[in-house]
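This report considers one helix, the nonpolar cores and one charged residue of a protein model. The sequence and the structure are shown first.

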Amino acid sequence: MDLGIRGKTALVCAASKGLGKGCALALAREGVNLVITARGREALEATAEEIRRIFPSGAGAKVTAVAGDITTAEGRAAALKACPGPDILVNNAGGPPPGDFRSWTREEWVKALEANMLTPIELIKATVDGMIARKFGRIVNITSGAVKMPIPELGLSNGARTGLTGFVAGISRQTVQHNVTINNLLPGPFDTDRLRANFAFNAAKLGKTPEELARIRAEANPAKRFGTIEEFGAACAFLCSAHAGFITGQNLLMDGGHYPGTF
Ligand code: NAP
């Protein structure tokens with residue numbers, strides 16, 4: 001299926017690894033020009049080079065790497081300087097650390113809100129009017145399955161991401177008449193560094209090794225495995241496609257069926 005976005009430009013945040021990289025790869029496959037960001041320059045450049053190698057520019061995709069912390073004003077300014085008028089925006093950043101809410105300070109809460117709520121809102125604010133003027137825009141926010149099913153030790157994430165979800169629910173209904181959609185992708189367990197770090201955090205408390213815990217968690221999922229970044233990227237690319245203009249304000253849970261509800 002041709003997704004109809006060849007030649008469009010995407011800003012994909014936090015994309016040197018993991019889910020963001022999955023989205024960048026899937027968009028590059030469709031011939032979308034990319035600006036990708038991450039803090040670590042070396043891994044980011046390596047990912048940009050990998051994407052260029054897999055999808056040579058003759059096939060459509062041009063890849064620009066912009067190193068910086070997207071949760072800071074400077075990081076966002078650098079990303080927007082390289083990509084002032086994206087047709088596609090994929091909002092992503094690292095998730096907050098796990099812990100016990102009794103120990104979190106106000107500063108830690110503000111940091112989580114900055115990263116997982118206010119940064120995507122700032123980037124939407126900076127790009128959405130250009131999309132509206134051009135009559136095409138696709139915004140995908142990478143949030144978390146925790147928005148639907150909170151994870152006890154990830155209270156900072158549960159709170160910040162649910163705030164973003166409420167904001168998106170409101171504005172996504174105002175932009176869709178201009179062919180600008182805003183949706184959220186809710187990852188369940190995907191096999192990335194982030195997931196492995198969570199196992200490392202919880203394994204010691206449960207008297208297991210991280211590898212044992214990973215096996216137990218994979219077995220407990222209805223799919224009997226974790227998701228792959230390629231599967232995640234494919235869903236993102238479809239939401240960014242020309243065919244998805246009637247889908248807005250949605251929260252697509254990708255968790256192998258882990259959430260047990262009928263809806
Ligand atoms: P990951 O494998 O650790 O990759 C994170 C990527 O984001 C890296 O490229 C990292 O590069 C970049 N990054 C992190 N903080 C950044 C920042 N402040 N500015 C710019 N780039 C930044 O993580 P992931 O599993 O893909 O997770 C992505 C998001 O999905 C996170 O918010 C995570 O909490 C959420 N999530 C993941 C899962 C899962 O199962 N994997 C489940 C639910 C939710 P640098 O470190 O070099 O900046």
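Which residues of α1 are buried? In this predicted model, they are Gly18, Leu19, Gly20, Lys21, Gly22, Cys23, Ala24, Leu25, Ala26, Leu27 and Ala28. Helix α1 is thus mostly covered, with 11 of its 12 residues buried. The helix spans residues 18-29 and reaches 17 Å from its first C-alpha to its last, close to the 16 Å expected at 1.5 Å a residue. Just after α1, Gly31 adopts a positive phi of about 85°.

The largest nonpolar core holds 38 residues, of which Val12, Leu27, Leu34, Ile36, Ile51 and Ile88 touch the most other members. Several elements give two or more residues to this core; the table lists some of them, including three strands and two helices.

| Element | Residues |
|---|---|
| β1 | 9-12 |
| β2 | 33-38 |
| α2 | 41-54 |
| β5 | 137-142 |
| α8 | 229-239 |

Helix α1 gives the most to this core, with seven residues. Leaving out residues up to four places away in sequence, Ile51 touches Ala24, Leu25, Ala28, Leu34, Ile36 and Val63. A second, separate core of 21 residues includes Cys13, Ile121, Leu164 and Ile182.

The charged residue is Arg76, which lies in helix α3 (residues 73-82). Arg76 is buried yet has no salt bridge: the nearest side chain of opposite charge, Glu114, is 4.8 Å away, whereas a salt bridge requires a distance within 4 Å. Apart from neighbours within four places in sequence, Arg76 is in contact with Asp69, Ile70, Thr71, Thr119, Glu122 and Leu123.

Terms used
Residues are numbered from 1 along each chain as its sequence is written. This is a predicted model: local features need pLDDT of at least 70, side-chain atom pairs count only at pLDDT 80 or more; totals for chains, interfaces and linings use all residues. Side-chain values use heavy atoms; hydrogens and water are left out. Helices (H or I, at least four residues) and strands (E, at least two) are DSSP runs, numbered from the N terminus. Buried means under 20% relative accessible area, exposed over 50%, partly exposed in between (1.4 Å probe, protein chains only). Lys and Arg count as positive and Asp and Glu as negative; His and the chain ends are not counted. Contact means heavy atoms within 4.5 Å. The expected span of a helix is 1.5 Å times one less than its number of residues. A nonpolar core is a set of buried Ala, Val, Leu, Ile, Met, Phe, Trp, Tyr and Cys residues joined through side-chain atoms within 4.5 Å.
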